[in-house]
Number of protein chains: 2
Amino acid sequence: MDYFPPALENLVEQFAKLPGVGRKSAQRLAFHLLDQPEESARAFADAILQAKSSISCCPVCQNLAQGEGPCPICASPRRDHSVICVVADPKDVVAMERAREYQGVYHVLHGVISPMNHVGPDDLRIAQLAERVSAGGVEEVIMATNPDTEGETTAMYLSRLLKPFGVKVTRLAYGIPVGSHLEFADEATLTRAMEGRREM
Amino acid sequence: MDYFPPALENLVEQFAKLPGVGRKSAQRLAFHLLDQPEESARAFADAILQAKSSISCCPVCQNLAQGEGPCPICASPRRDHSVICVVADPKDVVAMERAREYQGVYHVLHGVISPMNHVGPDDLRIAQLAERVSAGGVEEVIMATNPDTEGETTAMYLSRLLKPFGVKVTRLAYGIPVGSHLEFADEATLTRAMEGRREM
């Protein structure tokens, strides 16, 4: 079943390893790259190597950052450094920043506590968070992990860990998503939305 | 809207340039690669450069090949070199080979005649085909371009070009696809299927 030259077959296999890319799509992508001029292919390869070699973690918030020292958010004097928003993943920082609402800083855990997947507190960047909070100057820690079992467990764990330091620990509000319909909301969400109702 | 480190942003953009990959998918793929070990990322980058630098065209059939000299199909003594199947694209060779029916050799045009896209006969590998046929030893040329307007035009053009050399020029049969339903076949296909009916 292998009628491609080996180098092309290898490229197809590399593409097929990516999540959500099947063998057919991988072939399409490989052929596309072959059709591109030499510089484009080189730029692609360089981008992969560059990203892999130059992206590291911010020593403060553990978010992805480039180069030495703190990331732009941690280094910004316009940010409120007394509020830390705890998220599971660098992608969650992007989502929060897109909302343009939050002015504090972040802490990226790089995962959630998940006994099923053998991920315990020591596998996450929890020690670094405890260190930041214990160093003082932090007033509030907002738990912004996902509203699922693992995200909840992680938020609970962190809440118990951090409260002794005398900081306020809060959780993002649950409720009906803006723009959605009540009839499509599941029971758990509706229950939480009722519990969290506010006076108008 | 740009909260990624530059090297990561660059990788996301490179992925987003691929056909059928939007910005969201590109982010997912870039994050996936970042999560991979150094060697995997390097293997991916190498595969791109390798494919680009080592894949060339077979000097005989113009199909994609690796290294110097004719491709494995053109070099095979078990193939019938008196029959040439003309296809538009290297992917079509793969499709034909998958059917395990054809024992002749190929000629890849690398496109079809398309005045709309400013592709004329001189932009395709037609001269090389004429050369192969005029060199003698070819008995039949099978037109296996796609059954659309451009594929038809190309097949007609080649047919007129090659017949003076005294070769038989044939066209793949049109008809109802195997396993499909008559009720879903369009009028043009049904008309062609009627025209091409054979005695049982």
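Arg23 of chain A, written Arg23(A), is partly exposed in this predicted model, with a relative accessible area of 37%. Which residue does Arg23(A) pair with in a salt bridge? The partner is Glu9(A), and the closest N and O atoms of the two are 3.0 Å apart. Arg23(A) belongs to helix α2 of chain A and Glu9(A) to helix α1 of chain A, so the salt bridge links parts of the chain that are distant, 14 residues apart. Glu9(A), for its part, is buried, at a relative accessible area of 9%. In general, side chains of opposite charge can pair when their charged atoms come close.

Let us turn to chain B. There, Glu9(B) forms a salt bridge with Arg23(B), with 3.1 Å between the closest N and O atoms. Because Glu9(B) lies in helix α1 and Arg23(B) in helix α2 of chain B, this pair ties together parts that are 14 residues apart in sequence. Is Glu9(B) buried or exposed? Glu9(B) is buried, with a relative accessible area of 8%, while Arg23(B), at 37%, counts as partly exposed.

A further salt bridge in chain A joins the side chains of Glu97(A) and Arg79(A), at 2.4 Å from N to O. Glu97(A) lies in helix α5, residues 90-98, and Arg79(A) in the loop between α4 and β3, so the pair ties together parts 18 residues apart in sequence. Glu97(A) counts as buried, at 7% relative accessibility, and Arg79(A) is buried as well, at 14%. Over all chains, a search of the whole structure finds eight salt bridges.

How many salt bridges are there between chain A and chain B? The count is zero. Nevertheless, 50 residues of chain A are in contact with 50 residues of chain B. The two chains bury about 4700 Å² between them, and 73% of that area is on carbon and sulfur atoms.

I shall now consider one part of this contact. Helix α3 of chain A, residues 38-54, and helix α1 of chain B, residues 6-16, have axes that come within 8 Å and cross at roughly 145°. The crossing is left-handed. Among the residues that make the contact are Ala43(A), Phe44(A) and Ile48(A) from α3(A), and Leu11(B) and Phe15(B) from α1(B). By class, this contact has eight nonpolar, five polar and no charged residues.

Helix α1 of chain A also deserves attention. Its buried residues are Ala7(A), Leu8(A), Glu9(A), Leu11(A), Val12(A), Gln14(A) and Phe15(A). What covers the buried residues of α1(A)? The cover includes α2 and α3 of chain A, together with α3, β1 and β2 of chain B.

Finally, I come to helix α7 of chain B, residues 149-162, in which Thr154(B) lies. Thr154(B) is buried, with a relative accessible area of 0%. Leaving aside neighbours within four places in sequence, Thr154(B) is in contact with Leu109(B), Val112(B), Ile113(B) and Thr145(B).

The axes of α7(B) and helix α6 of chain B, residues 126-134, come within 11 Å and cross at roughly 35°. This crossing is right-handed. Ile126(B), Leu129(B), Ala130(B) and Val133(B) of α6(B) meet Tyr157(B), Leu158(B), Leu161(B) and Leu162(B) of α7(B). By class, the contact has eight nonpolar, no polar and no charged residues.

Definitions and conventions: Residues numbered from 1 in each chain as written. Chains lettered and ligands numbered in written order. Predicted model: local features only at pLDDT ≥ 70, side-chain atom pairs only at ≥ 80, totals over all residues. Heavy atoms only, no water. Axes fitted to C-alpha atoms, helices over the stretch in contact; angles between N-to-C directions. Helix = DSSP H or I, 4+ residues; strand = E, 2+ residues; numbered from the N terminus. Left-handed = near helix turned anticlockwise from the far one by under 90°. Contact = heavy atoms within 4.5 Å. Nonpolar A, V, L, I, M, F, W, Y, C, P; charged D, E, K, R; others polar. Buried < 20%, exposed > 50% of the residue type's maximum accessible area, 1.4 Å probe, protein only. Buried area = accessible area lost by both parts, 1.4 Å probe. Salt bridge = Lys/Arg side-chain N within 4 Å of Asp/Glu carboxyl O.
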